[in-house]
Every structure is written in structure tokens, then in C-alpha cells.
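Colleague: I would like to see how the labels are earned. Please show me the model, and I will ask about them.

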Amino acid sequence: MSRNVEIKARVENVATLIPRVAGFASEGPLEIAQDDTFFRCDTGRLKLRAISNEYGELIFYRRVNQAGPKESFYLRSPTSSPETLRESLSLAYGQIGRIRKYRTLFLVGRTRVHLDRVEGLGHFLELEVVLVDDEPTDSGVREARELMDRLGIQPDQLIEGAYLDLMLAQQG
């Protein structure tokens with residue numbers, strides 16, 4: 001499985017961060033509409049990300065819920081029929097939630113910077129520092145913290161879990 005170090009933070013408005021990130025990004029911006037469906041899974045999280053009717057990814061991932069930088073293990077499997085796969089997985093495992101978002105993606109070296117507008121939840125910044133096979137997690141944590149400082153992200157903006165957790169908490 002692949003690994004990264006990630007953080008997620010609530011921000012006032014992603015539009016204010018776009019020019020700031022663009023000033024030092026190595027690639028981007030790339031605008032992406034994403035429709036994530038989460039399924040029951042006892043060993044981590046399983047979601048189907050539909051990007052279009054003809055392309056999506058089934059993503060399994062495992063990480064702890066903590067507010068600061070955290071290691072995540074993930075495996076992505078592309079699909080050319082996300083709607084059919086969503087129906088199959090829903091019948092087999094059951095859906096636990098669906099998150100729709102509009103993402104502006106930048107790359108800063110090996111770090112994916114996501115500026116997300118999440119339907120019903122608001123605006124967020126997500127950093128994913130991609131790690132190589134045997135790289136210590138600490139180097140990714142340092143890189144994430146440096147980017148947080150550069151972008152002015154404060155500890156009280158960090159959130160612990162996934163957008164799904166926020167949505168489920170909001171629904172009561």
C-alpha cells in the first residue's frame with residue numbers, strides 16, 4: 001500500500017488561498033468535481049470516488065483520527081464504470097454516506113494541496129505529503145507543518161476525521 005502524511009483544516013474561503021498557493025506551487029491549479037460514496041468497512045474506510053461517468057477510483061484507506069499531521073495507508077483501484085460499481089458495493093456492503101465536493105488541486109513538490117468546497121460542510125484545505133517506500137513518517141510530518149506555516153494554518157483549524165465524519169456529526 002502507498003503512504004502519505006496528511007492534514008485537513010477548515011478555512012474561511014478557499015478563494016483566498018488559491019493565489020497564495022499558486023505563487024509557490026510546481027503544478028496546478030486543476031479543477032475537479034468529486035462524488036465520494038463511503039461503504040461499510042470494518043478494517044478502515046472504503047470509498048468510491050466518481051470523477052465522471054466513465055472514470056472513478058475505489059479507494060481503501062486506513063489512518064488514525066487526530067487533528068495534526070497523520071500517516072495514511074491507501075490503495076487506489078481505477079474503474080471505468082463508477083455508477084455500476086457504486087450500485088454493486090451498495091448492495092454488497094451498504095452505503096454510509098456520500099460527499100460531493102469541488103476541489104482545486106495544486107502540487108507543491110511531492111505534496112498534493114487540495115482546496116475543497118464541500119457540499120453542506122464548507123471550505124477546507126487538505127495536504128497530502130506522498131512518502132516513498134521506507135521513508136520515515138517524521139519527514140512527511142515536517143513537510144506538512146512547514147506548508148501549514150507557509151499558508152497560515154493554525155492548530156485550531158485542524159480537524160481529526162474525514163468529511164464523512166463531519167457530515168454524520170452534523171446530521172446528528
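Modeller: Start with a definition. A polar contact is a pair of N or O atoms within 3.5 Å; within protein, one must be able to donate a hydrogen and the other to accept it, and residues adjacent in sequence count only if both atoms are side-chain atoms. This is a predicted model: local features need pLDDT of at least 70, side-chain atom pairs count only at pLDDT 80 or more, and totals for chains, interfaces and linings use all residues. Residues are numbered from 1 along each chain as its sequence is written, and side-chain values use heavy atoms, with hydrogens and water left out.

Colleague: What makes E6 and R63 a polar contact?

Modeller: The side chains of E6 and R63 are joined at 2.5 Å. The limit is 3.5 Å, so the pair counts.

Colleague: Why is E6 called buried or exposed?

Modeller: Buried means under 20% relative accessible area, exposed over 50%, and partly exposed in between (1.4 Å probe, protein chains only). E6 has 5%, so E6 is buried.

Colleague: What makes R3 and E71 a salt bridge?

Modeller: A salt bridge needs a side-chain nitrogen of Lys or Arg within 4 Å of a carboxyl oxygen of Asp or Glu. R3 and E71 meet at 2.5 Å, N to O. R3 lies in strand β1 and E71 in strand β5 (strands are DSSP runs of E, at least two residues, numbered from the N terminus), so the pair ties together parts 68 residues apart in sequence.

Colleague: How do you know whether E71 is buried or partly exposed?

Modeller: E71 has 23% relative accessibility, so E71 is partly exposed. R3, at 12%, counts as buried.

Technical notes
Helix = DSSP H or I, 4+ residues; strand = E, 2+ residues; numbered from the N terminus.
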